[in-house]
Amino acid sequence: MEPVNRQDPYLREVVWSAVCCRALTLLLQASLLILNQRCCSAVFNLLIPDHAADAFSPPRLPEPGVCDLLVERLLGGLSRWDAEHFLFIAEWGYLYEHNCAFFPLYPLSLRAVAEGVLWPLRQPLRLRSRLLLSAVLLNSLFSVLAAAALYKLGCVVLRCRRAAFLAAHLFCISPANVFMAAAYSESMFAFLAFGAMWQLEKGQSWLSGLLFSLASGVRANGLVNAAFFLYSRSKCFALQLQLCSGSVRKVSPLWRQLLSVASSVVLTCAGICLPFALFQYYAYVRFCGPGTSLELAVPKLLQQLALDKGYRLVAMDGVKPPWCSQRFPVVYSYIQDVYWNVGFLRYFELRQVPNFLLALPVTLLGLWAAWTYIVANPRHCLTLGLERRKNEQEGKPRAGFCCPSVFVYVVHATALLVFGVFCMHVQVLTRFLGSSSPILYWFSAHLLQAHEHWLWNEGAAGQTAASLCERSALRTSPGSCEKGTAENPIVRLLLSYRLITPLSKCVLGYFLSYWLLGLVLHCNFLPWT
């Protein structure tokens, strides 16, 4: 990826805001833990009581020392829920069958940093404490890089630097903020996904394919990103056919071009899916292969945990799991089905109403974004964006959220949203979409710009957000930056909170309330998104 452009004040401000938001998150997390543990535990527990969660909680081996207890006291809130899985895998590997629901690239990265960068701390800190520190360092880095990548992607796709600037700042206060800081893989996936999308928009197909491939080694929904490459190649081929439709062409060059495009798509999509396939093969060999003496190296406490909780320990008794005998032995789908009861309409129960309410804001934003785009571009949506438009022929591309290049991102976000509502634990939609798609941030920025005309230029009450965006777009390059020092638009909106429209208050209120509530509830082992 390109180095940071020091001449771009917008990018510098995005990076600075991301660093500040990450530092504030870590500070608040530590403060909440200290309040809960020491200062006013009685009052704090009445307000936010500790939740006895039935979550994966392996025993600490070996016994923690003084420095380990200090790290746990300051950063322990970042190791809740699924974070325990990632830390456990990084320390012990895939010992339990249900650990295979969590992909290996993030735990491997944690282990590499713990054994490499943090190697000098091996004496005062045991491995798990160094892994937790590694998670804090890596997620802080990846969240900052993801914000920068989202900004650069927005400049290319939206053709409006200010819209991209606002969207990147919204990412810094993402409703999924706590998962960007905790020992989860969301920050890493967001960086890889947004970076790959940006490189694909720039025409760097092989670098984009590499980043997409790495993303599929982080989360399973990285496989869906192969559709971006497929659509990009299909669109280029369709537009070339339309450009040459009026000229006489030989059949053989056309077929050679078609074969070239098809082979490129097949190879790249295969590369994107390769990490997923390799991991499924690894799980098959580990849990379905001939028995080994690996259980002899597993500590007794971990073996006892498997017996107490009913976890399937690798090579524990030589009995193969049921999924080993399936025609396509995919451990990931088996775990989602058996351990987490994930499936079509399985979450549609009366007792899950609170979780649906928790996911309601991101669901409404996603549906509203799709509807807004369809209404603004009906023909473009009907033709799947494969028809060459007149404004493209005239060299005057539209700018902003409703521009033609946003189409594939809207389809991607809508597909994830529909799948999440009907086939997943719906409360994870916020972090699922917040780390996978830029649409949540682009559309929220679109709403704020459309309703706060004064946001960029003082005294510009007579100008609309669209006219400002178009004026920025029609410069020498897409997303060109006007001269002057960039200011944080979120800070400006908050300082004028009483004056902004009710819709803008709702958008900002959603981002900030989920940003803070998620931190408070998640760190106290209370259910959150």
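Colleague: What makes the meeting of the side chains of Arg431 and Asp82 a salt bridge?

Modeller: In this predicted model, the N to O distance between the side chains of Arg431 and Asp82 is 3.8 Å, and the criterion asks for a nitrogen of Lys or Arg within 4 Å of a carboxyl oxygen of Asp or Glu, so the pair qualifies. Arg431 sits in helix 20 (residues 429–434) and Asp82 in the loop between helix 3 and helix 4, so that the pair links distant parts of the chain, 349 residues apart.

Colleague: Why is Arg431 called buried, and what is the class of Asp82?

Modeller: Arg431 has a relative accessibility of 10%, which is under the 20% limit, so Arg431 counts as buried. Asp82 has a relative accessible area of 21%, which falls between the limits of 20% and 50%, and Asp82 is therefore partly exposed.

Colleague: How do you know that the side chains of Arg126 and Asp68 meet in a salt bridge?

Modeller: Their N to O distance is 3.8 Å, which is within the 4 Å cut-off, so the pair is accepted. Arg126 belongs to the loop between helix 5 and helix 6, whereas Asp68 belongs to helix 3 (residues 66–75), so the pair ties together parts that are 58 residues apart in sequence. Both Arg126 and Asp68 are buried.

Colleague: What makes Arg346 and Asp337 a salt bridge, and how far apart are the closest N and O atoms?

Modeller: The closest N and O atoms of Arg346 and Asp337 are 2.5 Å apart, and this value is within 4 Å, so the criterion is met. Arg346, at 32% relative accessibility, counts as partly exposed, and Asp337, at 34%, counts as partly exposed too. The structure holds 15 salt bridges, and a network of them links Arg60, Glu72, Glu84 and Arg128.

Colleague: Turning to the rings, why is the pair of Tyr94 and Phe279 called tilted?

Modeller: The count of aromatic pairs comes to 38. For Tyr94 and Phe279 the ring centres are 5.2 Å apart and the planes stand at 55°; the distance is within the 6.5 Å limit, and the angle is neither under 30 degrees nor over 60, so the pair is tilted. Tyr94 lies in the loop between helix 4 (83–92) and helix 5 (105–115) and Phe279 in helix 12 (residues 251–288), so the pair ties together parts that are 185 residues apart in sequence. With relative accessible areas of 5% for Tyr94 and 4% for Phe279, the two residues are buried.

Colleague: How do you know that the rings of Tyr373 and Phe407 form a tilted pair?

Modeller: The ring centres of Tyr373 and Phe407 are 6.5 Å apart and the planes are at 35°; the rule accepts centres within 6.5 Å and keeps stacked for planes under 30 degrees, so this pair is tilted. Tyr373 is in helix 16 (residues 360–376) and Phe407 in helix 19 (residues 407–423), so parts 34 residues apart in sequence are tied together. Both Tyr373 and Phe407 are buried.

Colleague: Why is Asn225 called buried, and which residues does Asn225 touch?

Modeller: The relative accessibility of Asn225 is 1%, which is under 20%, so Asn225 counts as buried. Asn225 lies in the loop between helix 10 (205–216) and helix 11 (226–243). Leaving out residues up to four places away in sequence, Asn225 touches Phe189, Ala193, Met197, Phe212, Ala215 and His412.

Colleague: What makes Leu345 eligible for a nonpolar surface patch?

Modeller: A patch residue needs over 30% relative accessible area, and Leu345, which is partly exposed, has 38%, so Leu345 passes that threshold. Leu345 lies in the loop between helix 14 (331–338) and helix 15 (353–358). The patch of about 470 Å² is made by Leu345 together with Phe344, Phe348, Val418 and Phe422.

Colleague: What is the secondary structure of the chain, and what share of the residues counts as buried?

Modeller: The chain comes to 24 helices and zero strands, and 53% of its 529 residues count as buried.

Terms used: Residues are numbered from 1 along each chain as its sequence is written. This is a predicted model: local features need pLDDT of at least 70, side-chain atom pairs count only at pLDDT 80 or more; totals for chains, interfaces and linings use all residues. Side-chain values use heavy atoms; hydrogens and water are left out. Patches are made of residues with over 30% relative accessible area and no salt bridge: like charges are joined within 9 Å, nonpolar side chains (Val, Leu, Ile, Met, Phe, Trp, Tyr) within 5 Å. Accessible areas come from the Shrake-Rupley method with a 1.4 Å probe; for residues, only the protein chains shown count as cover. Helices (H or I, at least four residues) and strands (E, at least two) are DSSP runs, numbered from the N terminus. Buried means under 20% relative accessible area, exposed over 50%, partly exposed in between (1.4 Å probe, protein chains only). Rings of Phe, Tyr and Trp (its six-membered ring) pair if their centres lie within 6.5 Å; planes under 30 degrees apart count as stacked, over 60 as edge-to-face and the rest as tilted. Contact means heavy atoms within 4.5 Å.
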